[in-house]
Amino acid sequence: MPVQSVDVAYTAVATAENGRDGRVASDDGKLDVVVNPPKELGGSGNGTNPEQLFAAGYSACFQGALGVVARQDKADISGSTVTAEVGIGKTPDGGFGLKVAISAHIPNVDEATALALVEKAHQVCPYSNATRGNIEVTLSVR
């Protein structure tokens, strides 16, 4: 798959200190968090972790993409929520990899419509486009 060209409208900048056991801050000061590995990975679990930050970004971005496709389809997604579960674990080659499960709750449409909207959102969401073909991403409605 060829690399997609993007006409950049905004660039987020964040800097990490001390990797997974330190601090991450954005250049504008709006984000400044302590990061620690979760207890499941041998850490203290006292701070947030990169997987939680990725899940937060992905769920927010996907909700935005859901809004775009819902407006195109004239579907009512008021009261909807999107949850992203980001798992981390060892890969067969000894490295580490991610796995994502996206789940949407869209109360004002039937299940078939909700699933169709989620599948369309997955095609336009920048996070989905960035991860497509790189990590396993599953979609569901609840």
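Me: In what order do the three strands of the open sheet stand?
Reply: In this predicted model, the sheet is open and its pairing is mixed. Strand S4 (81–90) and strand S6 (136–141) stand at the edges, each with a single partner strand, so each has one side without a neighbour in the sheet. From one strand to the next, the twist averages 15°. The order is S4-S5-S6.

Me: How many bridges join S4 to strand S5?
Reply: S5 covers residues 96–105, and S4 and S5 run antiparallel. One of the pairs is Thr81 with its bridge partner His105 in S5. The number of bridges joining S4 to S5 is 10.

Me: Which strands does helix H2 touch?
Reply: Helix H1 (residues 50–73) lies across S4, S5 and S6, at about 145° to S4. Helix H2 (residues 111–124) also packs on the sheet, and its direction makes about 150° with that of S6. The strands touched by H2 are S5 and S6.

Me: Is Asp28 buried, partly exposed or exposed?
Reply: Asp28 is in the loop between strand S2 (22–26) and strand S3 (32–35). Its relative accessibility is 44%. Buried means under 20% and exposed means over 50%. Asp28 therefore counts as partly exposed.

Me: Which residue's backbone nitrogen does the side chain of Asp28 reach?
Reply: The side chain of Asp28 also makes a polar contact of 2.6 Å with the side chain of Ser26. The backbone nitrogen is reached at 3.0 Å, and it belongs to Lys30.

Me: How far apart in space are Asp28 and Ile102?
Reply: In sequence, Asp28 and Ile102 are 74 residues apart. In space, C-alpha to C-alpha, the distance is 29 Å.

Technical notes
Residues numbered from 1 in each chain as written. Predicted model: local features only at pLDDT ≥ 70, side-chain atom pairs only at ≥ 80, totals over all residues. Heavy atoms only, no water. Pairing = 2+ DSSP bridges. Helix = DSSP H or I, 4+ residues; strand = E, 2+ residues; numbered from the N terminus. Axes fitted to C-alpha atoms, helices over the stretch in contact; angles between N-to-C directions. Contact = heavy atoms within 4.5 Å. Buried < 20%, exposed > 50% of the residue type's maximum accessible area, 1.4 Å probe, protein only. Polar contact = N/O pair within 3.5 Å; in protein donor to acceptor, adjacent residues only side chain to side chain.
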